[in-house]
Protein chains: 2
Amino acid sequence: MDRIDRKLLKLLQEDASRTNADLAAEVGLSPSSCLRRIRRLKSVGVIDRVVALLDPAKAGRGMKAIVTVELERHGEQHMRRFLEVAAMEPVVVQAYSVSGSTDAVLMLRLMDMDEFDTLCERLFRDRTNVARYYTMFVIRTAKETTAIPL
Amino acid sequence: MDRIDRKLLKLLQEDASRTNADLAAEVGLSPSSCLRRIRRLKSVGVIDRVVALLDPAKAGRGMKAIVTVELERHGEQHMRRFLEVAAMEPVVVQAYSVSGSTDAVLMLRLMDMDEFDTLCERLFRDRTNVARYYTMFVIRTAKETTAIPL
DNA sequence: ACCCAGTCTGCAATTTTATTGCACAAATCC
DNA sequence: GGATTTGTGCAATAAAATTGCAGACTGGGT
C-alpha cells in the first residue's frame, strides 16, 4: 500500500470506467504494472466491487429520508430482528444500529410520500417493537460521496 | 425505459465490471444492442458514473458516525455556509439539510476517535454557529447499498 | 559492501472486449 | 396503411485487457 496504490484507489473511487492505459499514464506506470496493482487491490479486498451510480431523480427516487428508531424492548435479539426486517425493504438503502438514545437509523430512497406511508405502516405499526420513530426528510444534499478518504 | 433498461440498471448497480457480452446474454440481447442501451443510459444521465467501492475496514476507515446538528442562527444563508464548510472535510461523506427539529445531518467515515475529536474541534467549536450536535456511532451495519430500487 | 531471494517493472505478443457500419425488423405517428 | 423513427443483429474493425518474459529494484543476512 504505497503512494501509487493510494492514488489508484482515489482515481478509481471517482471514476472506475477509465481505461487501464489512461490510469497507468496518470500514476506514471506501464499499463501492465498498473493492471497488476489494481488486480491485487481487488484480490485482497481493498476494492470490494465496482458499481454504477444512478441519478436518483432520473431514476424516479428523488426523495430521501433519514429515520431514527427507538425500540420498545431492547437487547441484541430484538435489535437484530428489527434490522433484518428493515433491510429486506428495497427502499431502505442503509440500516444501522447505533449508540446513543436512539437504537437504529435508516436511510430511505423514496418515490413519494405514499411510499413512505406504506413503509411506515409495515415497519413501525403496532406489534413491531418500535416505541417511536423520528423522520427527517432531506431538503438539500450538500455532499454525498462513496469515496473513502485515504 | 422499458423492462430491459431496468434490468440492465439493476445488474450494473450490483456489478459494473461485467463484460458487455455477459450482460447482453443475461438480458437476452445482442452485445451491440446492449452496449447502445447502456451508452444511452449514460448519455441521458440515468447512469451518473461508475465507481469502485472500497472495503472501509481494509481502507483503514472502519469507524462510522452519524451526527445531527442544530444551528444557533437559522435561515438559508447560515445553513448554506455550515454545509459548505462541512462538505469540505474529507471524512464527511454525506451532508444534508433536513426537515424537523435538527437542521443538518452528517455521515462520517473515521479512522479513530482522535480524528472524530479534531473534526468536532473544527466544525462545532465556538463561533461556528452550531448550537448543539448529537453523535450516534454506528455499532452494526445491517445494510448499506448504493443501488436505487427500480 | 556484497549477494541472494522475492517483488516489481516495462515491453511486446496474444487474447478478449468494445465499437461501428449496415441492412433489416418493430414500433409510432399521421 | 404508409412513412418515419427507433431499435436490433451480424460481421468487420478498433481498442483494451491480459500474459510471458527478461531485466531492475528492494530488503535481509553475512
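**Exercise 1. Follow a strand across the interface.**
Find the bridge partner of A95(A) in strand 5 of chain B, and say how many bridges join strand 3 of chain A to strand 5 of chain B.

*Solution.* Start at A95(A): its bridge partner in strand 5 of chain B is K143(B). Next, go to S97(A), which stands opposite R140(B) in that strand. Now take the strands whole: strand 3 (residues 92–98) of chain A and strand 5 of chain B run antiparallel and are joined by five bridges. Two strands pair if DSSP finds at least two bridges between them. Helices (H or I, at least four residues) and strands (E, at least two) are DSSP runs, numbered from the N terminus. Finally, look inside chain B, where seven bridges join strand 2 to strand 5, again antiparallel; there I66(B) stands opposite M136(B).

*Before going on.* This is a predicted model, in which local features need pLDDT of at least 70 and side-chain atom pairs count only at pLDDT 80 or more, while totals for chains, interfaces and linings use all residues. Residues are numbered from 1 along each chain as its sequence is written, chains are lettered from A and ligands numbered from 1 in the order in which they are written, and side-chain values use heavy atoms, with hydrogens and water left out.

**Exercise 2. Describe the interface.**
Work out how many residues of chain B are in contact with chain A, and which element of chain B gives the most to that side.

*Solution.* Begin with contact (heavy atoms within 4.5 Å): 63 residues of chain B touch 63 residues of chain A. Then take the buried area, the accessible area (1.4 Å probe) that two parts lose on being put together, summed over both. Between these chains, this area is about 5800 Å², with 58% from carbon and sulfur atoms. On the chain B side, L54(B), R140(B) and K143(B) lose the most area, together 13% of what that side buries.

Now turn to the elements. Those of chain B giving two or more residues include helix 1 (3–14), helix 4 (76–88) and strand 5 (130–144). Strand 5 gives the most, with ten residues.

**Exercise 3. Relate the two copies.**
Find which turn lays chain B on chain A.

*Solution.* Superpose the copies by least squares on the C-alpha atoms of residues with pLDDT of at least 70 in both. A turn of 180 degrees with a shift of 0.0 Å along the axis gives an RMSD of 0.0 Å. The copies are therefore related as by a two-fold rotation axis. In chain B, the C-alpha nearest that axis belongs to V51(B), at 2.9 Å. Both copies use the same surface: 100% of the contact residues of chain B recur in chain A.

**Exercise 4. Look for salt bridges.**
Count the salt bridges between chain B and chain A, then over all chains.

*Solution.* Look for a side-chain nitrogen of Lys or Arg within 4 Å of a carboxyl oxygen of Asp or Glu. Between chain B and chain A the count is zero, whereas the structure holds 26 over all chains. One of them joins R37(A) and D5(A) (3.0 Å, N to O). R37(A) lies in helix 3 (residues 31–43) and D5(A) in helix 1 (residues 3–14) of chain A, so this pair ties together parts 32 residues apart in sequence.
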